[in-house]
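Morning, everyone. Let me put the model on the screen and walk through a few points.

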Amino acid sequence: MTAVVVVLDWFGIIVFAVTGALVASRKQMDIFGFMLLAAVTGVGGGTVRDLLLGVAPVFWVSEPRYLGLSLVVAVLVFFTAHIPESRYRLLLWLDAVGLSFFCVVGAERGLEAGISPLIAVVMGVVTATFGGIIRDILGGESPLILRREIYVTAALAGAGTFVAADAAGLPEPLPLLLGFALCLLVRGLALAFHWSLPPYRPRPGRDPDELRRLGL
Amino acid sequence: MTAVVVVLDWFGIIVFAVTGALVASRKQMDIFGFMLLAAVTGVGGGTVRDLLLGVAPVFWVSEPRYLGLSLVVAVLVFFTAHIPESRYRLLLWLDAVGLSFFCVVGAERGLEAGISPLIAVVMGVVTATFGGIIRDILGGESPLILRREIYVTAALAGAGTFVAADAAGLPEPLPLLLGFALCLLVRGLALAFHWSLPPYRPRPGRDPDELRRLGL
Amino acid sequence: MTAVVVVLDWFGIIVFAVTGALVASRKQMDIFGFMLLAAVTGVGGGTVRDLLLGVAPVFWVSEPRYLGLSLVVAVLVFFTAHIPESRYRLLLWLDAVGLSFFCVVGAERGLEAGISPLIAVVMGVVTATFGGIIRDILGGESPLILRREIYVTAALAGAGTFVAADAAGLPEPLPLLLGFALCLLVRGLALAFHWSLPPYRPRPGRDPDELRRLGL
């Protein structure tokens, strides 16, 4: 089990770093721009989580291999970006696996820190999505959360399932597996069928003058 | 007095969360986009303050009701956004009350942490305004600070008055009340009369070639 | 030596704060907009470094003169922005000195905190460049890292040289001087000759259908 977690951890960082490097390739940055975007995407979500939880220093300062891995990915993608580009749909699916893993790992770190279930779920979502959010802000892309995609939602479903299963007392690897599976299922269905949640649709409000007449 | 502070605390979070959710409605996000923007706007300023002061974990991790409140607001606004939209001017005034409260509370947290008066004032301004700044960045809006409005200025006036009154030795609730009142007055006058501070106006600089000839 | 470091420290903050205030002048902000941008640019890089390293509170909370200096610079530039504007190239060179100093100081703070050499180099780059990155995001400018300039690269060269020279056991001021000199040299050559690194150039990827046929 531990070996599986370690492999998924590395896998998640690598996939996220690739998506960061691909934004750099789209903006035709130089190799250090690739490194910066790969690094913030790979370790950004876990960094924000550690800052909020008060884990000091953040995880990649004490375990430099996470950051090193992101930087190696950046260099590789700089010379081979046409490969992940031409397999963009494959990349989206790998990214879904990374998302599913990080949302349960982030929530687990929260529970370990002894925080309430609601906040543990939030930490899962933050870990899984804030790397991509920072990537889009730094790279000048239309932010992830503005695109009408089931992405944050999938992370929420996974983290919520994990925390609920843990609270229900299910034995050790089961909550992780259930949370991982549900996030992957939700994100996968969204990818396969181009699902999205209903957006807010404006309705005509009452006329402000009318409201004033009504004394509101 | 304590009850008043608690009520204002909740009130401030609610109003700020509503402004976050309204950005989400303007961008036609789904319900989880509403939650994300409502949450960062409601608790973002206090979060940045706690990170800078080294308060770990940040306040809403140990007191989840603050974040929970923002999320409830997000859901309510998702289904009723036409109401705050049609009463936008009322919302601006409620936001002014939240701003006035948070600038003094933030400065007080700074003084409690034993920092210098200048930094306490800065913490008040950060608490009151950074939620809105993060909201605008994540929501892809023209940033708060680029609009020519007396907003940061009002928070500065309120936090400065509070810290000065406290340093002058005024008895307990008086510094809070004075700071709150001055911020509300400044922001209210700005809202009522569309005030703004004089912006920087470019003057033609000296010609670079001329400067070079002068040896500068 | 210590006096030189103190002078360079102040110098770096001043120059960075001026570049922040100049973005505010370009956006025709009011005086408090100048203060906000000057402050985040002057102390932003060191703030992010301290947060990541777990130094709490961040440096300018315990030593308010750094923030105070940024605010004074903001006020001065508000009334005299035509001077730095008309001497923009001079400012770029002064900024290069600030960059060179901050990249070695940031890396040194990392080594003092007992972290690994790779992370110390990263801390140098973060200290030198994140103030400018936050400035561009808040000011709504095209981000520093999207412009094709040797800027992050120069900071990396300087921080890397410092850490390598320190690891090689060179006596005290030498690693600092070497790192400072190399960053200044790289950035200076880039400024003088309009150098930039080769950007990523897209090559036509294989056709996705072909890949599918190949079973990839």
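**Helix packing, symmetry, interface**

Start in chain A, with helix 7, residues 117-138, and helix 8, residues 152-167: their axes come within 9 Å and cross at roughly 140 degrees. Keep in mind that this is a predicted model.

So how is helix 7 of chain A oriented relative to helix 8 of chain A? The crossing angle makes helix 7 of chain A oblique to helix 8 of chain A, because only angles over 145 degrees count as roughly antiparallel. The crossing of these two helices of chain A is right-handed.

Now the residues. On the helix 7 side of chain A, the contact includes Pro117(A), Ala120(A), Val121(A) and Gly124(A). Across from them, helix 8 of chain A brings in residues including Val152(A), Ala155(A), Leu156(A) and Phe162(A). By class, this helix 7 to helix 8 contact in chain A has 12 nonpolar, four polar and no charged residues.

Next, symmetry. A turn of 120 degrees and a shift of 0.0 Å along the axis lay chain C on chain A, with an RMSD of 0.0 Å. That is the relation of a three-fold axis. The copies use different surfaces: 10% of the contact residues of chain C recur in chain A.

Last, chains B and C. Here 30 residues of chain B are in contact with 28 residues of chain C. On the chain B side, helix 2 (31-53), helix 7 (117-138), helix 8 (152-167) and helix 10 (208-214) each supply at least two residues. Which helix gives the largest share of that side of chain B? Helix 7 of chain B, with five residues. The chain B side has 22 nonpolar, five polar and three charged residues.

Notes: Residues numbered from 1 in each chain as written. Chains lettered and ligands numbered in written order. Predicted model: local features only at pLDDT ≥ 70, side-chain atom pairs only at ≥ 80, totals over all residues. Contact = placed C-beta atoms within 7 Å. Helix = DSSP H or I, 4+ residues; strand = E, 2+ residues; numbered from the N terminus. Nonpolar A, V, L, I, M, F, W, Y, C, P; charged D, E, K, R; others polar. Axes fitted to C-alpha atoms, helices over the stretch in contact; angles between N-to-C directions. Parallel < 35°, antiparallel > 145°, perpendicular 65-115°, else oblique. Left-handed = near helix turned anticlockwise from the far one by under 90°. Least-squares fit on C-alpha atoms with pLDDT ≥ 70 in both.
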